[in-house]
Amino acid sequence: MGDNFLDNFWCGFAVLKLFDHMHIRCYTLAVKIFVLIKQVPDTAIALEIKADAADIMYQDIPWVINPYDEYAVEEALCIKEKLGGSVTVISMGPDRVADIIRSSFAMGADEAVHLKDTAFNSLDAYSTAFILSKAISISGYDIILCGKQAVDDGWGYIGPALAEILSVPSVSSILKLKISEDKKHATATREIDEGLEVVEVPLPALFAVQQGINKPRYASLPGIMKAKKKEIKIVDAGALGVASAATDLRVWGASRTNVKKLFYPPERKKGKVLEGDSMTVIKELINLLRNEAKVI
Amino acid sequence: MNNNDIWVIAEHKANIITAGALEAIGAGKLISKQLNGGLSVVILGDELSVFSKSLSNTMVDNIYLLENPLLVQYTSDAYISCLIPLIKQHRPSVILIPSTCLGRDLAPKLAAVLKTAYVSDISRIEIDNNNITFTRPVYGGRLLSAVVCRGEKPWVLILRPRAFEKAASGAVATDLHAYGVSKAANIEKYSTNLLSSSIRAIIKGVEQTQKGMGLTEADIIIAGGRGMKDAENFKMLEDLASVLGGVVGASGAAVDAGWMPHSAQVGQTGKVVSPKLYIACGISGAPQHLAGMSTSKCIVAINKDPYAPIFQVADYGIVGDLFEVVPMVIEELKKNG
């Protein structure tokens, strides 16, 4: 009797869960959006190179979300507001990365994945994209957004490479994005050398955003309060099944690129400020440009 | 085993190889000489015979022409499905790609498919005993980074615009002749099998001309900052640019004020430029902006504030009101131009 009751209970529960699931799938067709975010040193500060020249001094420097990634978060939130769905931010790095995750939460992101593992330290660009592909594939996705590049190392690699690894189409340097009503296609306007190009791709797809696509919102006070309570899902190499398997290590273990050293650009030699009345100064400038610098 | 061949993926517009591609060919020639390898130029498009004629008697060793109507407009799907088999067949060691919108989309995808090293924004290549070191700006040009690659080849490399010597502009053949080498190149034409259904991106349209276009390739840039005071006043810079044959850019402050579009922004989060001549008008010179233009050959600063940081990097500075100075410069240039 008791068993029967329990069976019925669980069976009913399962049906309810199934309806719940169907509801999401069939009626709202929720769009699942991933946004790749990276933490970078504040672009306004002076940078110092470490004694061994291998990296910059990280002590006491202010960190921010990569500005291009902030546009990506904003774009994701705009899509969610129009079409429903959820926005998950994903970032790789040490503990401090939680700061940009919290600020994305405060803007309105729903979920977050923090890829944190000493095995992820100083991965090369391919390996980083590979690990991201593993993490994103676990939960499925319709749209992946990222900045067109990070302002620190400026590789401009992760977005397009990730799309290739996931075998989904991607559009680079986008300035406009529109998702079709059936949520099966997206039309993006992207920057090309001659101007702008309008491209349509089937979803799922990845879009790398260019500056100018939107103006990121400021976090609201309730948003900031809520952000403190939201859970950050921490994922390590083991959880992705890439920790020890030799086959995976072959793929992402050895770094394909290595920074030998960082150095300061050669300083420009001090120029001259031209003195005199406007006419004299302008005549001298044109003369110097023609005959000394020989650039006009 | 990979051979030592260097490839250049050459873009072309109106049947002429682009400036960026010529720079890549120039860089490729230097590397191939030192590594004792061949130099091959790969051109994708349709009806490319014009290139086999214009390149037929030049210093490059091989010219691979990949022809298909579906290659006329760039899509990464079409380019990659044509390039990968050719790469597998010829096994080059290095693929050089100019830093254009096309190159910056194609190169990372190509490197990801090949699972090989990728380096972007290369401004210098040094070879010492077959060891290659690439120099590239990081942190928006505030620092430089020396990078080495290892592992499987080909390495996919993006070259920064205007960082490598190219021959004077003109027809491709004459440009390549300028290197002083003349031998018959091996020309191979591949008519590729491509299905339009395999191309996932559909190009709906192209809108030409936009402010700030051609900034990275421009010889002369006239840039305006907060001191311009209004969008209208950029007309004056357009005038100066047209007298000098230049392009108009803007600082982050002018873009944030809505006076110029983002596409015209020079700086760490905009375009990184290194023209022959950069004239900064009403730009104070925030580190963000300096990062994007301090590799210019000659910098002129026009600013009211004698303590503006821009004067620290300027070769020639004029402390004065740009609304007085710029029109006078235009006038003077017109007079004895």
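Let's start where two parts of chain B meet: domain 1 of chain B and domain 2 of chain B bury about 610 Å² between them, with 40% of that area on carbon and sulfur atoms. On the domain 1 side, B:G140, B:R160 and B:R162 lose the most area to domain 2 of chain B, and together they account for 67% of what that side buries. Keep in mind as you look around that this is a predicted model.

Where do the two domains of chain B run along the sequence? Domain 1 covers 6-198, and domain 2 covers 220-335. The contact draws 7 residues from domain 1 of chain B and 10 residues from domain 2 of chain B. If you place a marker at the C-alpha centre of each of these domains, the two markers sit 33 Å apart.

What about specific interactions across this interface? The rule finds 0 salt bridges between domain 1 of chain B and domain 2 of chain B. For polar contact, it finds 2 residue pairs, both at pLDDT 80 or more.

Now move to helix 3 of chain B, residues 76-90. Its 15 residues reach 20 Å from the first C-alpha to the last, close to the 21 Å expected at 1.5 Å a residue. Is this helix enclosed or open? Because 11 of its 15 residues are buried, helix 3 of chain B is largely enclosed by the rest of the structure. Among the buried residues are B:Y79, B:I80, B:L83, B:I84, B:L86 and B:I87, and the list also includes B:S76, B:D77 and B:H90. Just after helix 3 of chain B comes B:R91, with a positive phi near 50 degrees.

Methods: Residues are numbered from 1 along each chain as its sequence is written. Chains are lettered from A and ligands numbered from 1 in the order in which they are written. This is a predicted model: local features need pLDDT of at least 70, side-chain atom pairs count only at pLDDT 80 or more; totals for chains, interfaces and linings use all residues. Side-chain values use heavy atoms; hydrogens and water are left out. Helices (H or I, at least four residues) and strands (E, at least two) are DSSP runs, numbered from the N terminus. The expected span of a helix is 1.5 Å times one less than its number of residues. Buried means under 20% relative accessible area, exposed over 50%, partly exposed in between (1.4 Å probe, protein chains only). Domain bounds come from an automatic or database domain assignment. Contact means heavy atoms within 4.5 Å. Buried area is the accessible area (1.4 Å probe) that two parts lose on being put together, summed over both. A salt bridge is a side-chain nitrogen of Lys or Arg within 4 Å of a carboxyl oxygen of Asp or Glu. A polar contact is a pair of N or O atoms within 3.5 Å; within protein, one must be able to donate a hydrogen and the other to accept it, and residues adjacent in sequence count only if both atoms are side-chain atoms.
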